[in-house]
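Please look over the sequence and the structure below before reading on. The report that follows is meant to be read slowly, with the model open beside it.

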Amino acid sequence: MALADVLTPALDLVFPPRCPLCGEGTAAQIGLCGACWGQLVIPGDPSCGRCGRPFGSGVHLSDGAVCAPCLAHPPRHDGIAAATLYNDTSRKLVLALKHGRRIALTGMMARLMATKLAQIDEEWLIVPVPLHRWRLWRRGYNQAALLAADIAKLRGARLVVDGLVRRKATPTLGGLGSKARTRVLSGAIAIHPRRGESIKGKRVVLVDDVLTSGATSNACVSALKRAGAEKVVIACFARVLHEALDVM
Ligand SMILES: [Zn+2]
Ligand SMILES: [Zn+2]
């Protein structure tokens, strides 16, 4: 009998499994209750051939159709893999991970993200969106790095946790328009001086918890491409579809 089998029932008696979002009892120690699962929105098809933005059901489009934002500004990335669309439930999960120190949630969130990354194998590098060291020091961990580590394990890919670095602390971007965000971020994100060689010619998954305006991820994608990355796919847990909605 494995140690975990011996321990789990006793643990369940002491801490009956509860849904981390609403406190309802659940069947397992890690996982949401049925009602909260039902609130998560998984983006489906048909979707934009460039960024995966869902067009909504009932829309009939040819393969490779591109959404209006991608037509207006062709993205530098090579696709967005979003586990869920940003709503009240995914927001609560992200906030619990970010501020509530619910590190146990990462496993479940990373599994949802990994299912959207079927094409990733051991040839790919997994790089998290970096946190400035002051913020890292205050929070104690980078939630994007936790997700990246789990995704790398699940897909058998190589984690390069410090592939990107923040050279300067940037204010929270919430409330800033897209031009202001780009200005604030210019020069803020760079390739780690010792990681440039390992990124050249590689395919990279850039990992973040939430994808909002894309200003931060765009700065990361640009830095990775300048370093010679062949492809950069963005993976996020929750994707905000209305760029005007400033959330965090
Ligand atoms: Zn629940
Ligand atoms: Zn698009």
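The text below takes up confidence, the zinc sites, the salt bridges and one strand in turn.

## Confidence in the model

This is a predicted model, and its pLDDT, the predictor's confidence in each residue, averages 84 over the protein, with 87% of the residues scoring at least 70. That confidence is lowest in α1, where the mean is 50, and highest in strand β2 (residues 125-128), where the mean is 98. Over residues 9-13 the pLDDT stays under 50, and for this stretch the model has three contacts beyond four places in sequence. The pLDDT is also below 50 over residues 244-248, a stretch for which the model has 15 contacts beyond near neighbours in sequence.

## Two zinc sites

Which residues hold the zinc ion called ligand 1? Its protein donors are the SG atoms of Cys19, Cys22, Cys33 and Cys36, which lie 2.3 to 2.4 Å from the ion. Along the chain, these donor residues of ligand 1 follow the spacing C-x2-C-x10-C-x2-C. Cysteine 22 sits in the loop between α1 (3-14) and α2 (34-39), whereas cysteine 36 belongs to helix α2, so this pair ties together parts that are 14 residues apart in sequence. Cysteine 22 counts as partly exposed because its relative accessibility is 45%, while cysteine 36 counts as buried because its relative accessibility is 11%.

Why is the arrangement around the zinc ion (ligand 1) described as tetrahedral? The four donor atoms subtend angles of 104 to 116°, and four donors count as tetrahedral if all angles lie between 85 and 135 degrees. For comparison, the ideal angle for four tetrahedral donors is 109.5 degrees.

The zinc ion called ligand 2 has as its protein donors the SG atoms of Cys48, Cys51, Cys67 and Cys70, lying 2.3 Å from the ion. The spacing of these donors of ligand 2 along the chain is C-x2-C-x15-C-x2-C. Around ligand 2 the four donor atoms subtend angles of 104 to 113°, and the arrangement is therefore tetrahedral. Of the donors of this zinc ion, cysteine 48 and cysteine 51 are described here for their surroundings, and both are buried.

## Salt bridges

Side chains of opposite charge can pair when their charged atoms come close. How many salt bridges does the structure hold? There are six in the structure, and the table sets out some of them, including the N to O distance of each pair.

| Salt bridge | N to O distance |
|---|---|
| Arginine 91 and aspartate 88 | 3.7 Å |
| Lysine 92 and aspartate 88 | 4.0 Å |
| Aspartate 162 and arginine 195 | 2.7 Å |

Asp88, Arg91 and Lys92 are linked in a network of salt bridges. Arginine 91 and aspartate 88 both lie in helix α4 (residues 88-99), three residues apart, which is about one turn of the helix. Lysine 92 and aspartate 88 are also separated by about one helical turn, because they are four residues apart in helix α4. Each member of this network is partly exposed: aspartate 88 has a relative accessible area of 47%, arginine 91 has a relative accessibility of 32%, and lysine 92 has a relative accessible area of 40%.

Aspartate 162 forms its salt bridge with arginine 195, and this pair links distant parts of the chain, 33 residues apart, since aspartate 162 lies in the loop between β3 (158-159) and β4 (164-166) and arginine 195 in the loop between β5 (189-191) and α9 (196-199). Aspartate 162 is partly exposed, with a relative accessible area of 25%, and arginine 195 also counts as partly exposed, at 25% relative accessibility.

## Strand β2 and its partners

Strand β2, where confidence is highest, has side chains pointing in two directions: Leu125 and Val127 point one way, Ile126 and Pro128 point the other way, and all are buried. To which strands is β2 joined? Two bridges join β2 to β3, and these strands run parallel. β2 also pairs with strand β6 (residues 203-211) in the parallel sense, over four bridges. Isoleucine 126 takes part on both sides, for its bridge partner in β3 is leucine 159 and its bridge partner in β6 is valine 205.

How values were computed: Residues are numbered from 1 along each chain as its sequence is written. Chains are lettered from A and ligands numbered from 1 in the order in which they are written. This is a predicted model: local features need pLDDT of at least 70, side-chain atom pairs count only at pLDDT 80 or more; totals for chains, interfaces and linings use all residues. Side-chain values use heavy atoms; hydrogens and water are left out. Donors are N, O and S atoms within 2.8 Å of the metal (3.2 Å for Na, K and Ca); water is not among the atoms, so sites may look incomplete. Four donors count as tetrahedral if all angles lie between 85 and 135 degrees; four count as square planar and six as octahedral if opposite donors are over 155 degrees apart and all others between 65 and 115; anything else is irregular. Buried means under 20% relative accessible area, exposed over 50%, partly exposed in between (1.4 Å probe, protein chains only). A salt bridge is a side-chain nitrogen of Lys or Arg within 4 Å of a carboxyl oxygen of Asp or Glu. pLDDT is the predictor's confidence in each residue, from 0 to 100. Contact means heavy atoms within 4.5 Å. Two strands pair if DSSP finds at least two bridges between them.
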